[in-house]
Amino acid sequence: MRDARLRLRVWRTARPGRRAAAFAEVVVAVDRSADSVLDVIERAWADVDPTLVFRHACHHASCGTCAVRVNGRERLPCVTNLSEVWDGRSRLTIEPLRNVPVVADLAVDPGPQLARLAELRFPYVRTVEADVRCAIRPVPDDDVGAAERFEDCLECLACVSACPVASGSPEYLGPAVLAAAQRIVEEPRDDDVGHVLDLVDTDHGVWQCRSILACSAVCPSGVDPGGRIMDLRRRLLSRTPASAGAGA
Amino acid sequence: MSAHVSTRLAPPGLFRRLAYWLEPRWRDPGWWAFALNRLTGHILVLYLVLHLIVLSQLADGPAGWDRLLEVFGSRPFLVADTLLIAAVVFHGLNGLRVAALTFGMGARHSTALIAAVIAASAALTALAAWAILT
Amino acid sequence: MGPLRGTPTALVIGAGSTGAATAHDLALRGVAVTLVERGEMASGTTGRNHGLLHSGARYAVKDPESAAECIAERDILARIATEVLELNGGVFIAVDEAGLAYREPFREACARAGIPARELSSAEARDLEPALSDRVLAAYEVPDGVFDPLHLCLAFLATATANGASTSSYAEVEDLIVRGNAVEGAIVRDRRTGDRQRIEADVVVNATGPWAGEIAALAGVDVPVVPTAGVMVAVAGRSVDRVINRLDRPSDGDIVLPQRQTVVIGTSSWSVEDPDRIAIPPEHVSLMFERGGELVPSVRGRAPRGVFAAARPLIGRPGEASAGRELSRTFECFDHAADGIDGFVTISGGKTTTARAMAEATADVVCGKLGVTNPCRTRDVPLRSYRDYFDA
């Protein structure tokens, strides 16, 4: 039952001739235990202010479109239950992601990051690994490669938003791109691994990471971009001039 | 050509990006450790410069030097010394943690290690404070 | 940048799988297409659908027409959209007497519809998927698959824009431009800025799914679309890699499938007035756990990661059963010239698996009205990467 009243503080971008960019506060009727934060945003749009612009599609942490900052922290509102972030009394603040271009209000444009992923030729589908960390149930050895699945990375860009290095430096490849690069290197398929290693072996690649690990902390999909960046560094350090030159 | 984004808003300027550093809301412990590492790093660089400037006073001879040392022996400066030691100790210990991370160690226990670094820094600083101030 | 003079123009409203596939088809046939979507692409029903790439086996017994469509379209999508599909197959498992009784009709119907259904022993089924219930009495393997709805739509849209279509999200149709007995375009508000724009087109295609009735009303016509909601429950943990179906007549909570690191249990059925305000009955949620647990026991007792619902656009007719599963899941294209309104077409019903076929039928109607004779090529043209959609 939507019997609680939530004061929602939501970031609104400027509309020509109407208002400057600022937080706006609206009151929304919510069910603290049943509603997700995305439900709350939708209620604000449907019942209070239909001019609110926000992204959403799958509502179950698969498409990565709805990522926002809730009380300053990057989350997927579709799988964040309201009770996790709201005590029933205070205001709830929702803002768009950092370090990504904002289209309007809470909606951001993933274009530049996706362009980098496209340049890497990061495939969308992987094969099942025998590593129990990645598969919920152990896969028998002869079944390795028997199943395909979408990569864990949703391309939601929460990691990019959380990364302070990305804040200061837009040229930094960023945790999403670097984690994707590591996935290609870890599971080569037909890809040119040398090309990928060259792409990340730059001042704006793995070497610009400052080991803060905020990316891994906010990733809703368990990708661990921070750990993958460290893995890339180790691989780069163990490249001999001969193997680097071979570019295989 | 897609018209899907024709009104992309201007990226935040330098001021706004710097302002992110001062946001007091949620931050991962790893972020605080990094910010503190940066801060102590700046402090240490500044200290190094000051130290060299102070040492250059040696050129003025023993009398001037002795006066400086008296000032440096005063209470406020001893407290500043203790704070400096805190900065050195934290920067060093945290630096070890970051180096370990680069070699793939400690990522999973990041928060615990940061807590350990802070605890060890506090302990060593307390020891130094006792030695210097008493 | 407008089209060359003389190029026929079409405005597609809605970027779910239907709208996206239609824009793609029309663009390939040389029509200058503009597509508008009020939210993010696929933010309507398509985004929230289960993501099941149907082999058609589910419909073989009760709705053989739909089943045949599904298997044909599944094979086409597997050819043109490999990037956004997990083609791990699916299993149908009988967990009770009713399921066992369904074996014969199921096997015959699949054979008639041309759907490969390989019988498995219980042991084989549980080898493939260790998380299945202990009580697997019979099993069949079918060529089901899993897709990511958003990225599938984006793949269609990327291809359409590469072929000249102009697509906009956050562009909401406020009104249709009706002059005399013809729809000539729409007034669209750019929700990012509040500006209004007049978009004129020779034909307007209403591909808005459960909102089709609302849009059609702007031209004064009625479409028999009954928004019918269904709940999905996602729980954390990828317990299975294949689509798990209950071997029985289609009913609630009889599909469990993997989506990334979750499994999603679906679905149910209740009709709703307003697709933008769907209240999810808690008993439907518990039903998903109960029924899903009969197929994959480990979902029971897990807290849901997400509970969501969207309204299917089912097509109903006066005299037919008015709700739920009785309505056909095939699609229909309404040329409103039959209602006395020219230049306006509604496409509704269907499911994402058959979106390409829906688009073909729609584009045939639209091209018929425009005098465009280029044939449909969507069966064979591979879709571009969804990432290409975003190249600015």
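**A guided reading of chain C**

Both faces of strand E17(C) are covered: Thr262(C), Val264(C) and Gly266(C) on one side, and Val263(C) and Ile265(C) on the other, are all buried. A residue is called buried if 20 or more other C-beta atoms lie within 10 Å of its own, exposed if 12 or fewer do, and partly exposed in between, with the C-beta atoms placed from the backbone. The structure is a predicted model, in which local features need pLDDT of at least 70 and side-chain atom pairs count only at pLDDT 80 or more, whereas totals for chains, interfaces and linings use all residues. Residues are numbered from 1 along each chain as its sequence is written, while chains are lettered from A and ligands numbered from 1 in the order in which they are written.

Strand E17 of chain C comprises residues 262–266, and 5 of its 5 residues are buried. Strands (E, at least two residues) and helices (H or I, at least four residues) are DSSP runs, numbered from the N terminus. Two strands pair if DSSP finds at least two bridges between them. Strand E14(C), residues 225–236, runs antiparallel to E17(C) and is joined to it by 5 bridges; here Ala236(C) stands opposite Thr262(C). Strand E16(C), residues 255–259, is likewise antiparallel to E17(C), with 5 bridges, and Gln259(C) stands opposite Thr262(C). The hairpin of E16(C) and E17(C) has 2 residues between the strands, and Arg260(C) takes a positive phi near 55° in it.

The next element to consider is strand E1(C), residues 9–13, of which 4 of the 5 residues are buried. E1(C) runs parallel to strand E2(C), residues 32–36, and 5 bridges join the two. Leu11(C) stands opposite Thr34(C) of E2(C). Together with helix H1(C), residues 17–28, these two strands make a right-handed β-α-β unit. A crossover is right-handed if, with the strands pointing away from the viewer, the path from the first strand over the helix to the second runs clockwise. E1(C) also pairs in the parallel sense with strand E13(C), residues 203–206, over 4 bridges, and the bridge partner of Val12(C) in E13(C) is Val205(C).

How many helices and strands does chain C have? Its secondary structure comes to 9 helices and 21 strands. Of its 392 residues, 62% count as buried. The C-alpha trace spans about 65 × 45 × 40 Å along its principal axes.

Chain C is divided into domain 1 (9–45 + 150–224 + 327–390) and domain 2 (52–147 + 226–315), with bounds that come from an automatic or database domain assignment. The C-alpha centres of the two domains lie 29 Å apart. Their contact takes 27 residues from domain 1 and 26 from domain 2, where two residues are in contact if their C-beta atoms, placed from the backbone, lie within 7 Å. On the domain 1 side, the elements that give two or more residues are helix H6(C) (149–162), strand E21(C) (344–349) and helix H9(C) (355–370). H6(C) gives the most, with 3 residues.

Chain C also meets chain A: 40 residues of chain A are in contact with 42 residues of chain C. On the chain A side, the elements that give two or more residues are strand E6(A) (102–104), helix H3(A) (111–120) and strand E9(A) (148–150). The largest share, 5 residues, comes from H3(A).
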